[in-house]
Amino acid sequence: SSEMYVNGEDEMQILEVLCVILATAGMFAIGFCCVGAVFVFLSRFYKRCFTDEGYLTFTLPVTSHQILLSGIMNTVLGMLVVMVAAVVGVGIIFGLFMTAIPQEILWADVWVSLKDVMTQILESLHKNAGEFIMLGLSGIFGAFACLMELMLAVTIGALIAKKHKIIATVAVYYGINLVLGMVSSFLAMTAVFSQDLSWLLGSTAMVSCVAAVGGYLLMHWLISRKLNLT
């Protein structure tokens, strides 16, 4: 009986290791799918505007703004779907992990702990509403700024490079990030000296907003004035 007990413990440990490996692989797969989705959407934008398909796209009875905004909206909606699918995938992995490995958990205690945590979060939100609002705006503007950086890099790379457009796109993207990184570093250093978190969040949101709007306007100007479709 002792040997059977030991064998049972060994099998349980092997099962736990396998579950951890599979869960880790699943998380990496979800991450790769999210990154792959970004490349797919950027590839669609490139094909729509800078290949033979672009000749047809820009002959449609619509303005350049409408073409760009439709591409941006399609990308944003597609990424939202991917993000929702990623969250669902993480939830499924967590559920399978909890089901596969026996857990000695008192769910009543877990629920009480969750209620305490939620209460503390709500109190923190109430006390620091302004900071959380600025943090949310900074995140939203930052996401749009990142999207505009990628699309602008694709646009500039497609226009300046006869060959090796991917290399040109990557180089332009890193150049844009270098400039914005220097600005962000300056803001962070200023916030450290001033010890004002609200100012840091507000200035970061403003920089992201300017980067997003400026990136869009520059991309529209390049497509309208520099793109040769004749």
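A nonpolar patch is made of residues with over 30% relative accessible area and no salt bridge, their nonpolar side chains joined within 5 Å. The exercises below apply this and related terms to a predicted model.

**Exercise 1. The surface patch**

Task: Name the residues that form a nonpolar patch on the surface, then place Leu77 in its helix and class its exposure.

Solution.
Step 1. Find the members. Met73, Leu77, Leu80 and Met83 form the patch.
Step 2. Give the area. Together these residues have about 400 Å² of accessible area.
Step 3. Place Leu77. Helix α3, residues 64–100, holds Leu77.
Step 4. Class Leu77. Its relative accessibility is 47%. Partly exposed covers the range between 20% and 50%, so Leu77 counts as partly exposed.

**Exercise 2. The fold in outline**

Task: State how many helices and strands the protein chain has, and what share of its residues is buried.

Solution.
Step 1. Count the elements. The protein chain has 7 helices and 0 strands.
Step 2. Write the order. From the N terminus on, the elements run α-α-α-α-α-α-α.
Step 3. Turn to burial. The protein chain has 230 residues, and buried residues make up 25% of them. The cut-off for buried is under 20% relative accessible area.

**Exercise 3. The aromatic pair**

Task: Find how many aromatic pairs the whole structure holds, and decide whether the rings of Tyr173 and Tyr174 are stacked or edge-to-face.

Solution.
Step 1. Search the whole structure. The search gives 1 aromatic pair.
Step 2. Take the geometry. The ring centres of Tyr173 and Tyr174 are 6.0 Å apart, and the planes stand at 70°.
Step 3. Apply the cut-offs. Centres must lie within 6.5 Å, and planes over 60 degrees apart count as edge-to-face. The Tyr173 and Tyr174 pair is therefore edge-to-face.
Step 4. Check the setting of Tyr174. Its relative accessible area is 56%, so Tyr174 is exposed.

**Exercise 4. The largest cavity**

Task: Give the volume of the largest cavity, list the residues that line it, and say which element gives the most to the lining.

Solution.
Step 1. Count. The structure holds 1 cavity of 30 Å³ or more.
Step 2. Size it. The largest cavity has a volume of about 30 Å³.
Step 3. List the lining. It consists of Phe45, Arg48, Cys49, Ile67, Leu68, Gly71, Ile72 and Met151.
Step 4. Assign elements. Those that give two or more residues to this lining are α1 (2–50) and α3. Helix α3 gives the most, with 4 residues.

**Exercise 5. The largest pocket**

Task: Describe the largest pocket by its volume, its central lining residues and its contributing helices.

Solution.
Step 1. Size it. The largest pocket has about 890 Å³ of space.
Step 2. Find the centre. The lining has 26 residues, and the closest to the pocket centre are Val38, Phe39, Leu42, Leu147 and Leu150.
Step 3. Assign elements. Two or more lining residues come from each of α1, α3, α5 (129–160) and α6 (165–194).
Step 4. Rank. Helix α5 gives the most to the pocket lining, with 9 residues.

**Exercise 6. Pairs apart in sequence**

Task: For Gly214, Met134 and Ser184, give the helix, the exposure class and a C-alpha distance to a partner.

Solution.
Step 1. Take Gly214. This residue is in helix α7, residues 197–226. With a relative accessible area of 32%, Gly214 is partly exposed. Its C-alpha atom is 9.8 Å from that of Glu149, 65 residues apart along the chain.
Step 2. Take Met134. Helix α5 holds Met134. At 24% relative accessibility, this residue is partly exposed. The C-alpha atoms of Met134 and Met206 are separated by 10.0 Å, with their positions 72 residues apart along the chain.
Step 3. Take Ser184. Helix α6 holds Ser184. Its relative accessible area is 40%, so Ser184 is partly exposed. From Ser184 to Thr204, 20 residues apart along the chain, the C-alpha separation is 7.2 Å.

Conventions:
Residues are numbered from 1 along each chain as its sequence is written. This is a predicted model: local features need pLDDT of at least 70, side-chain atom pairs count only at pLDDT 80 or more; totals for chains, interfaces and linings use all residues. Side-chain values use heavy atoms; hydrogens and water are left out. Rings of Phe, Tyr and Trp (its six-membered ring) pair if their centres lie within 6.5 Å; planes under 30 degrees apart count as stacked, over 60 as edge-to-face and the rest as tilted. Buried means under 20% relative accessible area, exposed over 50%, partly exposed in between (1.4 Å probe, protein chains only). Patches are made of residues with over 30% relative accessible area and no salt bridge: like charges are joined within 9 Å, nonpolar side chains (Val, Leu, Ile, Met, Phe, Trp, Tyr) within 5 Å. Accessible areas come from the Shrake-Rupley method with a 1.4 Å probe; for residues, only the protein chains shown count as cover. A salt bridge is a side-chain nitrogen of Lys or Arg within 4 Å of a carboxyl oxygen of Asp or Glu. On a 1 Å grid over the protein atoms alone, a cavity is a set of points where a 1.4 Å probe fits but cannot get out, and a pocket is an open set with protein on both sides within 12 Å along at least five of seven lines; lining residues have an atom within 4 Å of a point. Grid points are joined across faces, edges and corners, and a volume is the space filled by probe spheres set on the points.
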